[in-house]
2 protein chains.
Amino acid sequence: MKEPAQAKVDKRHLRTVRTREKLLVAARDVFLSQDFQTATISQIIKQAGVGYGTAYVHFEGKDELLIVLMEDVMDRFYKIAEQVFEPRSRADAKQQILEQATAFLRLADEERAMLRVVEQAIGVSYVVRTKWKQIRERFIGQISQDILYAQQQGLARTDLNPKLVARGWFFANEMYLFEVVRGETTAAIDEIARTLTEVYAHGLYRED
Amino acid sequence: MKEPAQAKVDKRHLRTVRTREKLLVAARDVFLSQDFQTATISQIIKQAGVGYGTAYVHFEGKDELLIVLMEDVMDRFYKIAEQVFEPRSRADAKQQILEQATAFLRLADEERAMLRVVEQAIGVSYVVRTKWKQIRERFIGQISQDILYAQQQGLARTDLNPKLVARGWFFANEMYLFEVVRGETTAAIDEIARTLTEVYAHGLYRED
DNA sequence: AATAATATTGACACAGTGTCAATTTGTTTG
DNA sequence: CAAACAAATTGACACTGTGTCAATATTATT
């Protein structure tokens, strides 16, 4: 009844894929139910219902397991960062930046459970830290381009290095992101986004 | 010949103090010669020339050992953050902010060896992370006050929450601090400070 | 059905932590 | 000054978690 021709070849692959999937689902459960440091491979394989060594067949360790899980979350952030940015005026630019910053922090709030784990892992694990740096560079690269565009359109100051400005802007956002994730923010997300945007946009897109 | 009266009582104290000191010196050596995660208590006690358990008598563990070492470094940063800030004009404010930011990043560069360890430890250790948050709040509190002063003097925009602005400003600086520490900066410290300050100062101290 | 290829398994060796009863060192007292 | 006391130091031990690998189970091929 099932696929006859390929079925034989696939059955093994399928098992592999299933095991991998089981491990990922279990890892997610375990990471979310406690945190990255205290989560152990033993807990994960137990939850996944597979043997101990199996985890090491599919992943290099806890770190790599998380990196795979991270990617799904980060994709949602990339979508925000990579929206088209072609403002017609300074007011327009500011409005768009505000929207992006707000969306960014709101998403952080939505994904806070997983990002909490990510933050812990960044600290503990070298590979995760490296991965996070890549992610960050992708954001900063995108912002740099946006700034460059604005400079070319005569909207933004041209006496500043776009890459340096982009880093600074992203850093402030990133730090607030983790504050939101930790639930440590006193202020509302919208106010944070507004404040950051006001300072940044007026500083960079000054009228002269 | 030595102090007759107090000497007896002190000798024991002295031994304790010496052991503690030996451990701190050794910890510093070990942390700097490798990093926080791979450093072990065994290495530290060996370097200090004391027994294994001794480390646990004086400190709760690796974390607390580092926290004590951190404090010395951070004191130097506090000195910068707590300089008087009483600008007479916007240009004056900007100049002072630039000087502070520059001094901050230069000090990061000077203390990079120890700060590298601190950064690693922030990731790994809960107590160190908590300590770092305290340190950060001290900086942010100071900056908030400076902003408030500028607002009261009519130098800065009053439509923004000083605490939120202060956080954002500090976050950008903090992140660059760690980039400097990691030696990952492409740009020169002075240019980073200048860029950050330009955007921040023009964004906050706008003429309206 | 026998053989080959691949996936899974858990026991094992290892590394580091934190504890605590025993030991060493220093202080006080009769 | 020696016995009794107090404080500091010690390292062996029990524990927790990691990563490896030879053995085993499952699937594919001949």
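Biologist: How many salt bridges does the rule find across the interface of chain B and chain A?

Modeller: Six salt bridges are found there. The model is a predicted one, and every value here is computed from it.

Biologist: What makes the pair A:Glu179 and B:Arg167 a salt bridge?

Modeller: The N to O distance between the two side chains is 3.0 Å. The rule asks for a nitrogen of Lys or Arg within 4 Å of a carboxyl oxygen of Asp or Glu, so this Arg and Glu pair meets it. In general, side chains of opposite charge can pair when their charged atoms come close.

Biologist: How many residue pairs are in polar contact across the interface of chain B and chain A?

Modeller: There are 12 such pairs, counting residues at pLDDT 80 or more.

Biologist: Which helices of chain B each supply at least two residues of the side that touches chain A?

Modeller: They are helix 6 (112-124), helix 7 (126-152), helix 8 (162-182) and helix 9 (189-204). Helix 8 of chain B gives the largest share, 12 residues. By type, the side of chain B that touches chain A divides into 14 nonpolar, eight polar and 15 charged residues.

Biologist: How many residues does each chain bring to the contact, and how much area do they bury?

Modeller: Chain B brings 37 residues and chain A brings 37 residues. Between them the chains bury about 3000 Å², with 60% of it on carbon and sulfur atoms. The size of an interface is often given as the accessible area lost when the parts come together.

Biologist: What is the relation between chain B and chain A when one is laid on the other?

Modeller: A turn of 180° and a shift of 0.0 Å along the axis lay chain B on chain A with an RMSD of 0.0 Å. That is why the relation is called a two-fold axis. In chain B, the C-alpha nearest the axis belongs to B:Gly123, at 1.6 Å from it. Both copies use the same surface: 100% of the contact residues of chain B recur in chain A.

Biologist: Is A:Asn173 buried or exposed, and how do you know?

Modeller: Its relative accessible area is 4%. The cut-off for buried is under 20%, so A:Asn173 counts as buried. A:Asn173 lies in helix 8 (residues 162-182) of chain A. Beyond its neighbours within four places in sequence, A:Asn173 is in contact with A:Ala101, A:Phe104, A:Leu105 and A:Leu196.

Biologist: What makes the link from the side chain of A:Asn173 to the backbone oxygen of A:Trp169 a polar contact?

Modeller: The distance is 2.8 Å. The limit for a polar contact is 3.5 Å, so the pair is within it.

Biologist: Is B:Thr19 buried or exposed?

Modeller: B:Thr19 has a relative accessible area of 12%, which is under 20%, and so B:Thr19 is buried. B:Thr19 sits in helix 1 (residues 7-33) of chain B. Setting aside residues up to four places away in sequence, B:Thr19 touches B:Val50, B:Thr54 and B:His58.

Biologist: How many salt bridges are there over all chains?

Modeller: A search of the whole structure finds 30. One is between A:Arg182 and A:Glu119, whose closest N and O atoms are 2.8 Å apart. This pair links distant parts of the chain, with A:Arg182 in helix 8 and A:Glu119 in helix 6 (residues 112-124) of chain A, 63 residues apart.

Biologist: Why is A:Arg182 called partly exposed?

Modeller: Its relative accessibility is 23%. Partly exposed runs between the 20% and 50% cut-offs, so A:Arg182 falls in that class.

Biologist: What makes B:Glu71 and B:Lys131 a salt bridge?

Modeller: Their side chains meet at 2.8 Å, N to O, which is within 4 Å, so the rule is met. This pair too links distant parts of a chain: B:Glu71 is in helix 4 (residues 62-81) and B:Lys131 in helix 7 of chain B, 60 residues apart. B:Glu71 is partly exposed at 34%, whereas B:Lys131 is buried at 18%.

Biologist: Which residue pairs with B:Arg182 in a salt bridge?

Modeller: B:Glu184 does, at 2.8 Å, N to O. B:Arg182 is partly exposed at 24%, and B:Glu184 is partly exposed at 33%.

Biologist: Which residues are joined into one network by salt bridges that share partners?

Modeller: The network joins A:Lys94, A:Glu198, B:Arg157 and B:Asp159.

Key: Residues are numbered from 1 along each chain as its sequence is written. Chains are lettered from A and ligands numbered from 1 in the order in which they are written. This is a predicted model: local features need pLDDT of at least 70, side-chain atom pairs count only at pLDDT 80 or more; totals for chains, interfaces and linings use all residues. Side-chain values use heavy atoms; hydrogens and water are left out. Contact means heavy atoms within 4.5 Å. Buried area is the accessible area (1.4 Å probe) that two parts lose on being put together, summed over both. A polar contact is a pair of N or O atoms within 3.5 Å; within protein, one must be able to donate a hydrogen and the other to accept it, and residues adjacent in sequence count only if both atoms are side-chain atoms. Helices (H or I, at least four residues) and strands (E, at least two) are DSSP runs, numbered from the N terminus. Ala, Val, Leu, Ile, Met, Phe, Trp, Tyr, Cys and Pro count as nonpolar, Asp, Glu, Lys and Arg as charged, and the others, Gly among them, as polar. Buried means under 20% relative accessible area, exposed over 50%, partly exposed in between (1.4 Å probe, protein chains only). Copies are superposed by least squares on the C-alpha atoms of residues with pLDDT of at least 70 in both.
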